[in-house]
Amino acid sequence: MAPPAPILATRSLGLDIGGARIVADVSLEVRAGELVGIIGPNGAGKTTLFNLLSGLLSPTSGTVELHGRDITGEPPFRRTRAGLGRTFQVSSVFPLLSVRENVRLAADSELGGTMRIWQRASRVGAERADQALERVGLGGRGDSPAGLLSHGDQRKLEIAMLLVGNPDVILLDEPMAGVSVEDVDELVELIRSVHEEEGKTVLMVEHRMEVVIGLAERIAVMHHGALLAFDEPDEVMANETVQTAYLGEPL
Ligand SMILES: Nc1ncnc2c1ncn2[C@@H]1O[C@H](COP(=O)(O)OP(=O)(O)O)[C@@H](O)[C@H]1O
Ligand SMILES: [Mg+2]
């Protein structure tokens with residue numbers, strides 16, 4: 001029997017901006033239900049890859065496929081509707097709105113993006129928002145202004161904002177960024193449970209190697225826009241090309 005088609009794939013994906021190669025010939029196949037870690041030095045192109053996957057940027061070459069369908073030309077909201085959700089490296093929470101309102105606005109997959117608040121938003125009910133908050137451990141915090149949450153809780157809120165749209169594939173861009181050390185374990189467990197219990201396919205850019213190695217089934221290593229390796233954690237760590245590329249650069 002042929003192996004199942006990848007849920008998300010890129011084929012020779014590339015992005016040049018003003019003569020600079022930002023993403024170079026990235027071919028990546030992610031299986032349904034897999035948790036993939038993406039690592040690489042600052043400026044390696046990880047966030048840009050997410051922008052190409054979610055449709056915020058259009059590639060100059062190559063294609064993106066979701067559920068076996070070419071979505072390269074589709075705008076972000078269509079990709080959201082097709083089951084692709086993402087969080088941002090920089091928090092996308094509205095600090096003055098309540099935690100619950102943030103989730104209700106985020107659920108509006110028709111509009112997509114982060115600027116929905118200024119558009120006509122078709123909000124989900126408070127009940128569904130509260131279920132999503134319960135799911136991430138923020139039950140009871142719905143009335144607080146989101147800006148009053150700790151950084152760790154704001155990251156959980158962003159995951160609730162993602163889950164309420166019920167995506168099958170989620171892209172997490174440095175979900176632990178800015179989170180204090182004592183809050184990391186809870187977030188790791190949340191991501192693990194979303195992956196394992198709900199069967200979500202997860203792609204996660206993360207700097208903390210112990211987090212990536214602990215969570216990821218496979219690790220993709222990016223360097224100067226290219227995919228240097230994509231393999232199981234042990235293989236990646238033993239990979240000489242990876243070690244050489246990281247020489248003098250923090251892993
Ligand atoms: N819109 C843009 N215009 C020009 N250069 C960009 C743009 N976006 C990102 N870059 C450059 O592309 C490279 C990759 O950036 P990025 O994807 O943010 O890296 P990472 O997330 O791996 O740290 C960096 O050198 C960055 O300066
Ligand atoms: Mg980045």
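These questions and answers walk through the sheet and two helices of a predicted model.

Visitor: In what order do the four strands of the open sheet lie?
Guide: The pairing in this sheet is antiparallel. The sheet is open, and its edge strands are β2 (20-30) and β5 (69-70), each pairing on one side only. The order is β2-β1-β4-β5.

Visitor: How many bridges join β1 to β2?
Guide: The two strands run antiparallel. One bridge partnership sets Thr 10 with Leu 28 in β2. The number of bridges joining β1 to β2 is seven.

Visitor: Which residue in the turn between β1 and β2 has a positive phi?
Guide: β1 and β2 form a hairpin. Two residues lie between the strands. In that turn, the phi of about 55° belongs to Gly 18.

Visitor: Which residue of β4 stands opposite Gly 14?
Guide: β1 pairs with β4 in the antiparallel sense, over five bridges. Opposite Gly 14, in β4, stands Ser 61.

Visitor: Which residue of β5 stands opposite Leu 66?
Guide: Strand β4 covers residues 61-66. Its pairing with β5 is antiparallel and has two bridges. Opposite Leu 66, in β5, stands Arg 69.

Visitor: What angle does the direction of α1 make with that of β2?
Guide: Helix α1 (residues 46-54) packs on the sheet. There it touches β1 (8-17), β2 and β4. Its direction and that of β2 make an angle of about 65°.

Visitor: How many residues of α1 are buried?
Guide: The helix is mostly covered. Its buried residues include Leu 49, Phe 50, Leu 52 and Leu 53. Lys 46 and Asn 51 are also among them. The count is nine of its nine residues.

Visitor: Which residue just after α1 takes a positive phi?
Guide: α1 comprises residues 46-54. Just after the helix, a phi of about 95° is taken by Gly 55.

Visitor: Why do the buried residues of α4 lie on the same side, and what arc do they cover?
Guide: Helix α4 (residues 126-135) buries Ala 129, Asp 130, Ala 132 and Leu 133. They sit on the same side of α4 because their arc around the axis is only 160°. Residues three or four places apart in an α-helix point the same way, because a turn has 3.6 residues. The arc covered is 160°.

Visitor: Which helices are included in what covers the buried residues of α4?
Guide: Those buried residues include Ala 129 and Leu 133. The cover over the buried residues includes α3 (99-106) and α5 (151-163).

Visitor: What phi does Gly 137 take?
Guide: Gly 137 comes just after α4. Its phi is positive, at about 85°.

How values were computed:
Residues are numbered from 1 along each chain as its sequence is written. Chains are lettered from A and ligands numbered from 1 in the order in which they are written. This is a predicted model: local features need pLDDT of at least 70, side-chain atom pairs count only at pLDDT 80 or more; totals for chains, interfaces and linings use all residues. A residue is buried if 20 or more other C-beta atoms lie within 10 Å of its own, exposed if 12 or fewer, and partly exposed in between; C-beta atoms are placed from the backbone. The arc is that of the directions from the helix axis to the C-beta atoms. Two residues are in contact if their C-beta atoms, placed from the backbone, lie within 7 Å. Two strands pair if DSSP finds at least two bridges between them. Axes are lines fitted to C-alpha atoms, for helices over the stretch in contact, and angles run from 0 to 180 degrees between N-to-C directions.
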